[in-house]
Amino acid sequence: MNPILNTVLQPDSCAASLVSQEDIDQICTDLYQSGWTVVENFLSAAFVDLMRQDLTTLDQQEKFHKAGIGRELDFVRREDIRSDRICWLDNINETQNLFMQMLDQLMTAVNRRLFLGMNHYEAMYAIYEPGQFYKKHVDSFKGQRNRIMTLVFYLNPDWTQDKGGELVLYPDVSENGVENNEPIITLPPKAGTVAAFLSEDFPHEVLTTHDIRYSIAVWFRIRENEIPL
Ligand code: OGA
Ligand code: MN
């Protein structure tokens, strides 16, 4: 067995499994019923340490760059909207490989239960320095069916309330287009927690953080040319 695997496996998962059946059940049930979920202690402390170590190493190697909004030709830096710095995961080492194995298992399990047909993902590390934030936004526009499911994994041990930096999730814009500013949940970015939601349905924001804040954002997607006819 992979020596890293040994340390990150959850007690109730079998040899090759990086996600427990219990967590899969909760995620699928919640997504089906309400379109979002939060699971605490989804990543073990050892897995969190490993990911945080990879993140900080890449940061020391200056592999991070200022985040922007929009894609490709539409990409712009807007520090009034988001001020974090990011680095895409690219399966460049054993740690990232392990994380991606976990994502593969999770995506397959969710597809099986909810028939979402997701076939591809992208994952990125994000660092928010004190004073930084990401204003209210959606990760995918209605009907685009590009990013299907957003997942955010948090890597911050000993997070206390005074540190801020919460993820705030808002309800879907209602049928008549009236925006609802009553949060569904305000979630501190505590180590091991994962938040997941349907990318088109939930506006969300990252409140100003008062301490350095580490996360991994993941989007499960459908690649156009792989949609079965
Ligand atoms: C994002 C995002 C939330 C978080 O990167 O699109 O909304 O809690 N991140 O880091
Ligand atoms: Mn987002």
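A strand here is a DSSP run of type E with at least two residues, numbered from the N terminus. I needed that first, to place aspartate 158 in the loop between β6 (147-154) and β7.

**Entry 1. Overview.** I noted at the start that this is a predicted model. I looked up the secondary structure and found four helices and 11 strands in the chain. The chain has 229 residues, and 30% of them count as buried. I then checked how far along the sequence the contacts reach. Among those between residues at least 6 apart in sequence, 76% join residues at least 24 apart.

**Entry 2. Positive phi values.** I went back to aspartate 158, whose phi is near 55 degrees. Most residues other than glycine have a negative phi, so I looked for further cases. Asparagine 91 also has a phi near 55 degrees, and this too is a positive value in a residue other than glycine. Asparagine 91 sits in the loop between β3 (85-88) and α4. Phenylalanine 115, just after α4, takes a positive phi of about 50 degrees.

Next I asked whether aspartate 158 is buried or exposed. Aspartate 158 is exposed, because 8 other C-beta atoms lie within 10 Å and the cut-off for exposed is 12 or fewer. Asparagine 91 has 13 C-beta neighbours inside 10 Å and therefore counts as partly exposed.

**Entry 3. Helix α4.** I looked up the helix that follows the loop of asparagine 91. Helix α4 covers residues 94-114, which is 21 residues. From its first C-alpha to its last it reaches 30 Å, close to the 30 Å expected at 1.5 Å a residue. Which residues of α4 are buried? I found Thr95, Leu98, Phe99, Leu103, Leu106, Met107 and Val110.

I picked one of these, methionine 107, to follow up. Methionine 107 counts as buried because it has 21 other C-beta atoms within 10 Å, and 20 or more is the cut-off. Leaving out residues up to four places away in sequence, I listed what methionine 107 touches: Met118, Tyr121 and Phe220. I also checked methionine 107 against isoleucine 24, which is 83 residues apart from it along the chain. Their C-alpha atoms are separated by 9.8 Å.

**Entry 4. The four-stranded sheet.** I traced an open sheet of four strands and wrote down its order as β5-β10-β7-β8, with antiparallel pairing. Which strands are at the edges? They are β5 (134-137) and β8 (185-187), each of which pairs on one side only. From one strand to the next the twist averages 10 degrees.

I then looked at one pair inside this sheet. Strand β7 (residues 167-169) runs antiparallel to β10, and three bridges join the two. Valine 168 has glutamate 205 of β10 as its bridge partner.

**Entry 5. Ligand 1.** I listed the residues around ligand 1 as Ala126, Tyr134, Asp139, Val152, Leu167, His204, Val206, Ser215 and Ala217. Which elements give two or more residues to this shell? They are β10 (204-206) and β11 (213-221). I sorted the shell by residue class and got six nonpolar, two polar and one charged.

I compared this list with Entry 4. Strand β10 lies in the sheet order beside β5 and β7, and β10 is also one of the elements that give two or more residues to the shell around ligand 1.

Note on methods. Residues numbered from 1 in each chain as written. Chains lettered and ligands numbered in written order. Predicted model: local features only at pLDDT ≥ 70, side-chain atom pairs only at ≥ 80, totals over all residues. Near = placed C-beta within 6 Å. Nonpolar A, V, L, I, M, F, W, Y, C, P; charged D, E, K, R; others polar. Pairing = 2+ DSSP bridges. Axes fitted to C-alpha atoms, helices over the stretch in contact; angles between N-to-C directions. Expected span 1.5 Å × (residues − 1). Contact = placed C-beta atoms within 7 Å.
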